[in-house]
Amino acid sequence: MTSFTPAELGRRIGSGLLSFPVTHFRADLSFDEDAYRENIVRLAEYDVGGLFAAGGTGEFFSLTPLEVEQVVTAAAESVFDGTPILAPAGYGTATAVEFAAAAERAGADGILLFPPYLTEASQDGLARHVEAVCRATSLGVIVYSRANAVYSADTVARLAESCPNLIGYKDGVGDIDTVTRIVARLGDRLTYIGGLPTAETYALPYLQLGVTTYSSAIFNFLPEFALAFYAAVRDLRQADVTRMLSQFVLPYTEIRNRRAGYAVSIVKAGMTATGHSAGPVRPPLTDLTAPESDDLSALIAKVSGA
């Protein structure tokens with residue numbers, strides 16, 4: 001059973017950096033649970049707001065429902081310091097409800113609700129989707145606004161009223177007007193999370209809107225750098241933020257942008273470059289090429305002192 005009420009979880013995740021650990025695969029693409037557990041122990045040694053098991057960077061889209069529960073269980077059992085573990089839910093509403101139930105069985109502390117799979121929906125349909133998942137679990141739920149599930153300010157306000165265990169809104173769109181309207185309307189009723197790819201590039205301006213945290217993929221392989229960057233953002237040290245953006249984050253995004261799907265692949269390449277290999281990505285993603293991996297390794301060396 002989770003040690004956090006939904007409200008407590010909302011406050012906790014909003015107080016520190018968040019990250020999505022990668023999911024470890026063997027060469028035959030099977031789940032490497034032992035290596036995954038070791039990595040969760042490593043990451044949980046750092047002071048973070050929460051870890052999202054089997055999330056986007058954890059290749060949720062390539063895992064079977066059974067594997068998702070296995071990954072979340074492994075994460076929950078590997079953390080002993082109170083670091084919150086959040087599990088994914090997604091696809092159609094009935095399937096998302098099943099994922100929410102599995103998250104509770106696995107010992108997760110909360111849920112990140114991904115967009116429905118391969119379908120467009122009205123705002124009313126999206127609201128009913130979220131409401132069904134929230135009713136199905138006692139855990140705190142975060143909605144992820146992106147792709148085919150972009151929530152309007154009116155819809156988020158409706159959900160905040162109808163779903164007591166809705167605790168967060170994660171923005172994966174970058175629509176400043178909508179984020180501003182949601183924060184102005186709901187204030188501290190929700191925790192606001194930056195969820196654009198390589199969220200560090202948006203972290204400082206988003207903080208001004210009330211988005212106090214974001215999910216850092218870089219934390220997987222450069223945790224000290226990621227935490228230092230987050231501290232600079234929270235302290236409003238713009239010169240330090242700009243320096244670290246120029247030094248690492250922006251060159252990193254240039255490698256990431258070379259091919260679709262590299263937002264995940266580059267993280268696993270970073271793990272390999274820093275001696276924490278998590279194996280390959282699963283199709284339909286593709287791994288970085290050898291020259292691209294070399295470029296990333298050289299970039300990492302500049303900020304890690306290697």
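A crossing of two helices is called right-handed if the near helix is turned clockwise from the far one by less than a right angle. Keep that in mind for the close-ups below, which come from a predicted model.

**View 1. Helix α4 crosses helix α5 in a right-handed way.** Here you're looking at α4, residues 93-106, and α5, residues 123-135. Their axes come within 9 Å and cross at roughly 30°. Angles under 35 degrees count as roughly parallel, so that's what we call α4 and α5. On the α4 side, T93, A96, V97 and A100 do the touching, and they meet H129, A132 and V133 of α5. Sort the residues of this contact by type and you get five nonpolar, two polar and no charged.

**View 2. Helix α11 packs against helix α12 at an angle of about 60°.** This pair is made of residues 262-273 (α11) and residues 290-304 (α12), with axes 10 Å apart. The crossing of α11 past α12 is right-handed. From α11, the contact uses Y262, I266, A269, G270 and A273, while α12 brings in E292, S293, L296, S297 and I300. That mix comes to six nonpolar residues, three polar and one charged.

**View 3. Two cysteines, C134 and C163, sit without a bond between their sulfurs.** A disulfide is a covalent bond between the sulfur atoms of two cysteines. The closest cysteine sulfur to that of C134 belongs to C163, but at 3.9 Å it's too far for a bond. To count as a disulfide, the sulfurs would have to be within 2.5 Å. In fact, the structure holds zero disulfides. C134 is buried, with a relative accessible area of 4%, and C163 is buried too, at 2%.

Definitions and conventions:
Residues numbered from 1 in each chain as written. Predicted model: local features only at pLDDT ≥ 70, side-chain atom pairs only at ≥ 80, totals over all residues. Heavy atoms only, no water. Axes fitted to C-alpha atoms, helices over the stretch in contact; angles between N-to-C directions. Helix = DSSP H or I, 4+ residues; strand = E, 2+ residues; numbered from the N terminus. Contact = heavy atoms within 4.5 Å. Nonpolar A, V, L, I, M, F, W, Y, C, P; charged D, E, K, R; others polar. Parallel < 35°, antiparallel > 145°, perpendicular 65-115°, else oblique. Buried < 20%, exposed > 50% of the residue type's maximum accessible area, 1.4 Å probe, protein only.
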